[in-house]
Amino acid sequence: DTYNLCVKIKDSNGVERRKIFTLGVYAQFINKSTISNTTITKGESVTLKGVAAGGKSPYQYSFIVKHSSSTTWSTVKSYSTTATKTWTPERTGTYQICAKVKDAKGTEVEKSFTLTVKAPLANKSTISNTTITKGNSITLTGKATGGKAPYQYAYCYKKASSTSWTTAKDWSNTTS
């Protein structure tokens with residue numbers, strides 16, 4: 001809202017003078033920025049969205065990030081009126097994210113987020129031997145890393161000249 005204020009002065013002769021001021025009253029400036037997800041797998045992206053309330057528009061938005069193993073912040077989006085940034089973290093681990101919003105008066109407010117970047121699912125399975133004599137056996141051991149536990153394993157085989165696989169053991173939590 002806008003208000004007009006008046007200060008009146010009068011001297012002892014009764015001469016009066018007025019001075020008019022204009023006062024803009026704005027709601028408290030609040031950073032209501034959001035992040036699309038707080039846990040992702042490496043290779044996925046998050047959308048950072050700058051949202052402001054109160055203060056004096058137009059607003060400008062900036063996003064900075066810091067990996068837990070780092071001592072320095074990196075800018076992923078410099079100040080501009082564009083409110084959204086899609087960002088793909090380069091490493092697994094934990095990131096601190098700071099959403100900054102600046103209003104037309106230059107007032108800046110910040111909001112923090114924590115993002116966990118998990119390793120993608122990887123198949124680290126092993127085979128006991130890659131060559132054997134007919135009649136002997138081998139052991140396949142399923143091992144998974146990353147992704148989301150608990151894991152399930154399935155085992156199959158085919159003759160190298162064949163195009164179709166045969167299931168030796170269907171999906172279960174058995175690792176060998």
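The legends below describe close-up views of a predicted model.

**Figure 1. The five-stranded sheet.**
An open sheet is built from 5 strands in the order 5-12-11-8-9, with mixed pairing. Strand 5 (39-41) and strand 9 (74-80) are the edge strands, and each of them pairs on one side only. From one strand to the next, the twist averages 25°. Strands of a sheet pair through backbone hydrogen bonds, in either a parallel or an antiparallel sense.

**Figure 2. Strand 5 beside strand 12.**
This view shows one edge of the five-strand sheet, where strand 5 pairs on one side only. Its partner is strand 12 (residues 108-118), and the two run in the parallel sense over 3 bridges. Threonine 39 has threonine 116 of strand 12 as its bridge partner.

**Figure 3. The hairpin of strands 8 and 9.**
Strand 8 and strand 9 form a hairpin, with 6 residues between them. The two strands run antiparallel and are joined by 4 bridges. One bridge links tyrosine 61 to serine 80, the latter in strand 9. In the order of the sheet, 5-12-11-8-9, strand 9 stands at the end, next to strand 8.

**Figure 4. Valine 76 in strand 9.**
Valine 76 lies in strand 9. Is this residue, valine 76, buried or exposed? Valine 76 counts as buried, because its relative accessibility is 18% and the limit for buried is under 20%. Leaving out residues up to four places away in sequence, valine 76 touches Leu48, Phe63, Ile64, Val65, Lys85 and Trp87. Of these contacts, Val65 is 11 residues from valine 76 in sequence, and the two C-alpha atoms are 7.0 Å apart.

**Figure 5. Lysine 66, a buried charged residue in strand 8.**
Lysine 66 is placed in strand 8 (residues 60-67). This lysine 66 is buried yet has no salt bridge. Which side chain of opposite charge is nearest to lysine 66? The nearest is that of glutamate 110, 13 Å away. The side chain of lysine 66 does reach the backbone oxygen of serine 70, at 3.4 Å. Beyond the residues up to four places away in sequence, lysine 66 touches Thr71, Thr72, Trp73, Thr94, Tyr95 and Gln96.

**Figure 6. Glutamate 110 in strand 12.**
Glutamate 110 belongs to strand 12. Apart from neighbours within four places in sequence, glutamate 110 is in contact with Asn31, Cys98, Ala99 and Lys100. Glutamate 110 and tyrosine 59 are 51 residues apart in sequence, with a C-alpha to C-alpha distance of 13 Å.

**Figure 7. The three-stranded sheet.**
A further open sheet has 3 strands in the order 4-6-10, and the pairing is antiparallel. Strand 4 and strand 10 (84-87) stand at the edges with a single partner strand each, so one side of each has no neighbour in the sheet. Strand 6 (residues 46-49) pairs with strand 10 in the antiparallel sense over 4 bridges. Among the bridge partners are valine 46 and tryptophan 87, with tryptophan 87 in strand 10.

**Figure 8. Serine 33 in a loop.**
Where is serine 33 placed? Serine 33 is in the loop between strand 3 (30-31) and strand 4 (34-35). Serine 33 is buried, with a relative accessible area of 0%. Its side chain reaches the backbone nitrogen of valine 51 at 3.2 Å. Not counting residues up to four places away in sequence, serine 33 touches Lys49, Gly50, Val51, Ala99, Val101, Lys111 and Phe113. Serine 33 and lysine 100 are 67 residues apart along the chain, while their C-alpha atoms are separated by 8.4 Å.

**Figure 9. The salt bridge of glutamate 16 and arginine 18.**
How many salt bridges does the model have? The count comes to 1 salt bridge. Glutamate 16 forms a salt bridge with arginine 18, and the closest N and O atoms are 3.6 Å apart. This pair qualifies because the distance of 3.6 Å falls within the 4 Å cut-off. Glutamate 16 is partly exposed, with a relative accessible area of 36%. Arginine 18 counts as exposed, at 58% relative accessibility.

How values were computed. Residues are numbered from 1 along each chain as its sequence is written. This is a predicted model: local features need pLDDT of at least 70, side-chain atom pairs count only at pLDDT 80 or more; totals for chains, interfaces and linings use all residues. Side-chain values use heavy atoms; hydrogens and water are left out. Two strands pair if DSSP finds at least two bridges between them. Axes are lines fitted to C-alpha atoms, for helices over the stretch in contact, and angles run from 0 to 180 degrees between N-to-C directions. Buried means under 20% relative accessible area, exposed over 50%, partly exposed in between (1.4 Å probe, protein chains only). Contact means heavy atoms within 4.5 Å. A polar contact is a pair of N or O atoms within 3.5 Å; within protein, one must be able to donate a hydrogen and the other to accept it, and residues adjacent in sequence count only if both atoms are side-chain atoms. Lys and Arg count as positive and Asp and Glu as negative; His and the chain ends are not counted.
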